[in-house]
Each structure stands twice: as structure tokens, then as C-alpha cells.
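Student: I am new to this structure and would like a close look at a single part of it. Please show me the core and the strands around it.

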Amino acid sequence: MSLIPKCPVSTISNVYTPALDGWNSTAFRKNESVPAPPHKNDSAWNISIIFSLQITKPNKGIGIYYSDLYFTLYNSNASLGVNRLPAFYQGHKKTVTFHVLVNVDQQFWRGIIVRKRDLRVGLKTVIRYEIFSFKTKHRSVAFEAQVPIGSDGRILGGEYTELHR
């Protein structure tokens, strides 16, 4: 057993956009016109995107204390939405899964219906390792990844996307 703490591994394992479930993607391949966005009072006007975030702890004998996690979506350099996950302790369980809901606006909605969209996902937090009963200093960590989203609102090109430091 190694007592040198390794940084946790963060992975996006699934992306789901409920508002795009009803769209027929074959209509867009036939060069038909793009449907009008929903009415402002419609619940789909502000689209929710749900990400499955997995955090895996590579060390068996070391626990990790996480402060609040800030999950941010970017399109180019503009922030599309942010969600905060509460602080937690990752003890003996090796993997923790969160379903992170981020609300994005109508501009994103128009772009994703027409074509695939590459989103940049960022995750920032502060961690402390617990080795036996000793706790290390606070360490700031930031992860980032490009996540390709298809016109059906789901992740493209594989089952998961790993976030890198």
C-alpha cells in the first residue's frame, strides 16, 4: 500500500439533455428547416443538461475531504452555467457518482439542435488527504475536458470523457 497520495480521477460518464428527447434528428439531415425554439414560458426554454460525474480515488488507504465542488460549462470562453456540489468525504469507497444538473440558455439550445457542440467542462475544488488520522494541507485542484454533445443531446464518441488537471 502506497501512502503517497494521488490526485482523484474525474470522469464524465454520461450526458443527457431531456429537452431534446422529442426531436427527430433525421429531419436535420434532409436539410429541413430547424424547428423554432420553444416559447419562453415553456419549460424547455432554459435547457437543463445532466452530467454523470464519477470521482475515483486511486489510493486504497487514504481518504479525501472535498470542499464544495464547482462544476462549470463553457462554450468557447463564455460560461454557460455553473452548479455547486456540497462538500463531502470520500472514505473507503473507491468511486462516487453525482448527477450534476446545469441550466443553459436559449443560445446554447439553438446551436445544439443544428449540429454537434463541443463543451468545455471545468471542475474546481479544494481537497485534503487523510492518511491514518493525519490530514494534509489544503490543495486546490482543477480539472477540465472537452465533451462533444450531439444533436440528440447526448455525449459523442465513446462512453466517457476523463477530466484532466
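**From the fold to the core**

Tutor: Read from start to end, the protein chain follows the pattern β-α-β-β-β-β-β-β-α-β-β-β-β. That makes 2 helices and 11 strands, where helices (H or I, at least four residues) and strands (E, at least two) are DSSP runs numbered from the N terminus. Please keep in mind that this is a predicted model, in which local features need pLDDT of at least 70 and side-chain atom pairs count only at pLDDT 80 or more, while totals for chains, interfaces and linings use all residues. Residues are numbered from 1 along each chain as its sequence is written, and side-chain values use heavy atoms, with hydrogens and water left out.

Now to the inside. Of the 165 residues of the protein chain, 42% count as buried; buried means under 20% relative accessible area, exposed over 50%, and partly exposed in between, using a 1.4 Å probe and protein chains only. In soluble globular proteins, nonpolar side chains tend to be buried together. Here the largest nonpolar core has 34 residues, and Ile12, Phe51, Leu53, Phe71 and Leu73 have the most contacts inside it. A nonpolar core is a set of buried Ala, Val, Leu, Ile, Met, Phe, Trp, Tyr and Cys residues joined through side-chain atoms within 4.5 Å. Among the elements that give two or more residues to this core are strand S1 (9–16), strand S2 (47–56), S4 and S7 (95–104). S8 gives the most, with 6 residues.

Leu73 makes a good place to look around. Leaving aside residues up to four places away in sequence, Leu73 touches Ile49, Phe51, Leu80, Val102, Val104 and Leu119, among others; contact means heavy atoms within 4.5 Å. Across the protein chain, residues 24 or more positions apart account for 71% of the contacts with a separation of 6 or more.

Some of these core strands also sit side by side. An open sheet of 4 strands has the order S7-S2-S1-S11, with antiparallel pairing; two strands pair if DSSP finds at least two bridges between them. Its edge strands, S7 and S11 (161–163), each pair on one side only. Follow S7 to its neighbour: S2 and S7 pair in the antiparallel sense over 10 bridges. Within that pairing, Phe51 stands opposite Val100 in S7, and Ile50 stands opposite Leu101. S7 itself has two faces: Val96, Phe98, Val100, Val102 and Val104 make up the covered one, while Thr95, Thr97, His99, Leu101 and Asn103 are on the uncovered one.

Charged residues appear as well. Side chains of opposite charge can pair when their charged atoms come close. The structure holds 2 salt bridges, each a side-chain nitrogen of Lys or Arg within 4 Å of a carboxyl oxygen of Asp or Glu. One joins Glu144 and Arg120, with the closest N and O atoms 3.2 Å apart. Glu144 lies in S10 (residues 139–149) and Arg120 in S8 (residues 117–131), so this pair links distant parts of the chain, 24 residues apart. Arg120 counts as buried at 18% relative accessibility, whereas Glu144, at 40%, is partly exposed. Arg120 also brings us back to the core residue we started from, as Leu73 touches Arg120.
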